Amino acid sequence: MNAYRPLNCDLHDYLEIACMHGYRLLIERLEGPSFEARALTTRTTASKEEFLVVQGETGQQELRLDRLLAITPLNTGASFGRIVLADSYCAV
């Protein structure tokens with residue numbers, strides 16, 4: 001896999017809100033099909049790679065943030081709409 005590119009810090013708030021409320025998300029990936037899953041938490045490795053941890057039909061999985069195109073909450077009354085993550089990276 002390619003070297004990790006950190007997500008723009010402003011977008012982390014949306015991920016934290018999704019996890020805090022347990023939002024069901026439509027997750028669009030840069031590669032592979034979109035799917036639905038419930039946001040659980042975020043995780044950062046010792047090497048500073050960041051992941052969104054979700055619960056889907058196939059079980060729990062970790063999605064590297066720089067491999068995601070967008071997230072859209074599917075819950076009625078969610079506090080945000082579709083958030084595009086791709087190409088929104090912090091300068092390093």
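In this predicted model, F80 is buried, its relative accessible area being 10%. The threshold for this class is under 20% relative accessible area. Y14, by contrast, counts as partly exposed, at 29% relative accessibility. The rings of Y14 and F80 form an aromatic pair with an edge-to-face arrangement, in which the centres lie 5.1 Å apart and the planes make an angle of 70°. Because Y14 belongs to helix α1 (residues 9-21) and F80 to the loop between β5 and β6 (83-84), this pair ties together parts of the chain that are 66 residues apart in sequence. Two aromatic pairs were found when the whole structure was searched. Y14 and F80 also belong to one aromatic cluster, which includes Y23.

The strand pairing around β1 was examined next. Strand β1 spans residues 24-29 and pairs with strand β2, residues 35-44, in the antiparallel sense; four bridges join the two. The hairpin of β1 and β2 has five residues between the strands, and within this hairpin G32 adopts a positive phi near 100°. Strand β1 also pairs with strand β5 (residues 68-73), again in the antiparallel sense, here over five bridges. I27 takes part in both pairings: its bridge partner in β2 is F35, and its bridge partner in β5 is I71.

A further site of interest is E50, a residue of strand β3 (residues 50-56). E50 is buried but has no salt bridge. The nearest side chain of opposite charge is that of K48, at a distance of 9.0 Å. A salt bridge would require a side-chain nitrogen of Lys or Arg within 4 Å of a carboxyl oxygen, so K48 does not qualify as a partner for E50.

The side chain of E50 nevertheless makes polar contacts. One, of 2.6 Å, is with the side chain of Y4. Another, of 3.2 Å, links the side chain of E50 to that of H12. With neighbours within four places in sequence left aside, both Y4 and H12 appear among the residues in contact with E50. The remaining contacts of E50 in this set are P6, L7, R43, T44, L63, R64 and L65. The surroundings of this buried glutamate thus include polar contacts with Y4 and H12, while a salt bridge is absent.

Notes. Residues numbered from 1 in each chain as written. Predicted model: local features only at pLDDT ≥ 70, side-chain atom pairs only at ≥ 80, totals over all residues. Heavy atoms only, no water. Buried < 20%, exposed > 50% of the residue type's maximum accessible area, 1.4 Å probe, protein only. Lys, Arg positive; Asp, Glu negative; His and termini not counted. Polar contact = N/O pair within 3.5 Å; in protein donor to acceptor, adjacent residues only side chain to side chain. Contact = heavy atoms within 4.5 Å. Pairing = 2+ DSSP bridges. Phe/Tyr/Trp six-rings, centres within 6.5 Å; stacked < 30°, edge-to-face > 60°.
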